Amino acid sequence: MNSSNIPMTRAALALLVLAGAVALPQAQAAGTAATTSIQNRATISYSVGGNAQTPIESSPTGNSTPGTNAGASTVFVVDNRVDLTITEVAGSATLVNPGELNAVATYLVTNTGNAAQAYQLTPTNVVGGALFGNTDSIDVNNLRVFVDANNNGTYEAATDTATSIATLAADAGVRVFIVADVPVTATNLQYASARLTAAAAVNNTPATLLVQSAGADGAGTVEIVFADGASAGGDVLRNGRFAADDQYAVQSAALTVQKTSTVISDPFNAASNPKAIPGATVEYGVTVSNTGAVAASGLVFADPIPANTTFVQNVYSSGTRDVRLTNGGGVDTFCVAEAGGTDTNADGCVRTAGGSLQVGTPALATLAVSGPTGSVTVRFRVTIN
Amino acid sequence: MHTGTISKLVIGALALAATSAAAAEGARKGCVELKTVAETEVEYVDEQGQRATKLVPAAKVIPGTQVVWTVTASNVCDKAAEKVFIDNPIPAQMSYVPDSALAAGADIQFSTDGRQFAEPASLRVSEADGTQRAARSSDYTHIRWSLRNPIGPGQVAVARYRAALK
């Protein structure tokens, strides 16, 4: 553009080209959108007998009429590349308790194809295999699947009610939850892997699965081409489906109980090498420890007072309390175990009508996973009849 | 300037079109018939059981698919067509496949703007920050085949390239 006699048309063309460059459709990660019409038209410039001729444009079948727009573009329509991925969101197992209801595992379904698509969603229990280094050993119950309607990553029963994805734009992703119940019988360090499978369906019609187009292509028809990869559970490539696994890790308290008895005194030897003869006083010590992964709460300790023995009151805390509780750190607390089954002073200790010593809240409420508060020793005394 | 001349010719045609596009229908035929077809390569097993490929009319095209564009110029008059240039804009949604442009007896040039055509080695593009770098094949927007020899009466010239759908 350094000449002063440039025709206006040339400047105008430059502007056109510039505008075209700005307006160029940006290819998405998923590629050119399905249904896009791709047009191409070549131009031939030539001379005959030294005279430049009017350029001729091409057409799909051949054009020999000179001049702009005398030709026609050769056109094809971009077909529907169906592709999707699912990833497990947390990168770790969902921690659950035995008997937990509506435990949530979160997945991200991404449309990596070039058209908006619907997806059917199926939750299944995985049998065997390892995930996050944990071998699947149990199944969860009542598997359900819900789409994260507001895409906030949190399962909300009132909001997240859709069980399939009605429409997901190309390149877009949406979170999906598997919601399941953990068996009451599950124990600490058992694992349940859960698989989410999504199958591509007609956009806005999730009930109708996509079928890959067979046979030859029509240049003007949008055909369906499955381009998805293989994934979890033997899912093969190019079937319009994808699957991914997440896991529930059961964390439970595991209690161990150890009971000892010591003869404190007998009527003849008193406290010096006492023997377990009638009239002797015996102290029982029951140690409860939590060796599980989570704190145990709502503990109720019950120990039948042995036959042919009589519970001894007021032997601890300067002769004012019946039961001594010592935690793993050596800290003592005491309580009164009233006879008759009524805990009149509400300290958590009582003797039931059936003759058991029962210790519960508040004297004994929780056991931590480990450390000083992870174990407790309950001591009480009886005399041999 | 060589390329400038061509641009002016094309612009001349554009200007003409603005006034006489409607009249083109009944216009006198030119000396060359130009045809563009889109094809894709598919693999098949031949009679000997060997794997082979063939071109079929633009089969299923999804992002990543390579399309073979073939431009055929047939001389349909009784005089030779000389100084032949075939220009083809690469569709905006497609990316030129490196080294795929062919034509027997033609010099091939590329453009990144539809105006300046050059050999790949001397094509440069401006970055957003104003710096210049060598053009990559993905920058090409147009291809020009300059035929070294005239297309004689009854003769056919074929130009071809591949482009991948973005």
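**View 1. A:S45 faces a partner from the other chain.** In this predicted model, A:S45 sits opposite B:F85, a residue of β4(B). Zoom out a little and you see the strands involved: β2(A) is joined by four bridges to β4 of chain B, residues 82-89. The two strands run antiparallel.

**View 2. Where chain A and chain B meet.** Here's the whole contact: chain A brings 55 residues to it, and chain B brings 51. Put together, the two chains bury about 4,400 Å² between them. Carbon and sulfur atoms account for 65% of that area. Look for A:N40, A:I44 and A:F76, since no other three residues of chain A supply more of the area it buries against chain B; their share is 14%.

**View 3. Polar contacts and salt bridges across the interface.** How many residue pairs are in polar contact between chain A and chain B? With both residues at pLDDT 80 or more, the rule finds 16. For salt bridges across this interface, the rule finds zero.

**View 4. The side of chain A that touches chain B.** Several elements of chain A help build this side, with at least two residues from each: the helix α1 (8-23), plus the strands β1 (37-40), β2 (43-48), β4 (56-57), β5 (74-77) and β6 (80-82). Which element gives the largest share? That's β2(A), with six residues. Sort the residues on this side by class and you get 23 nonpolar, 25 polar and seven charged.

Conventions. Residues numbered from 1 in each chain as written. Chains lettered and ligands numbered in written order. Predicted model: local features only at pLDDT ≥ 70, side-chain atom pairs only at ≥ 80, totals over all residues. Heavy atoms only, no water. Contact = heavy atoms within 4.5 Å. Buried area = accessible area lost by both parts, 1.4 Å probe. Salt bridge = Lys/Arg side-chain N within 4 Å of Asp/Glu carboxyl O. Polar contact = N/O pair within 3.5 Å; in protein donor to acceptor, adjacent residues only side chain to side chain. Nonpolar A, V, L, I, M, F, W, Y, C, P; charged D, E, K, R; others polar. Pairing = 2+ DSSP bridges.
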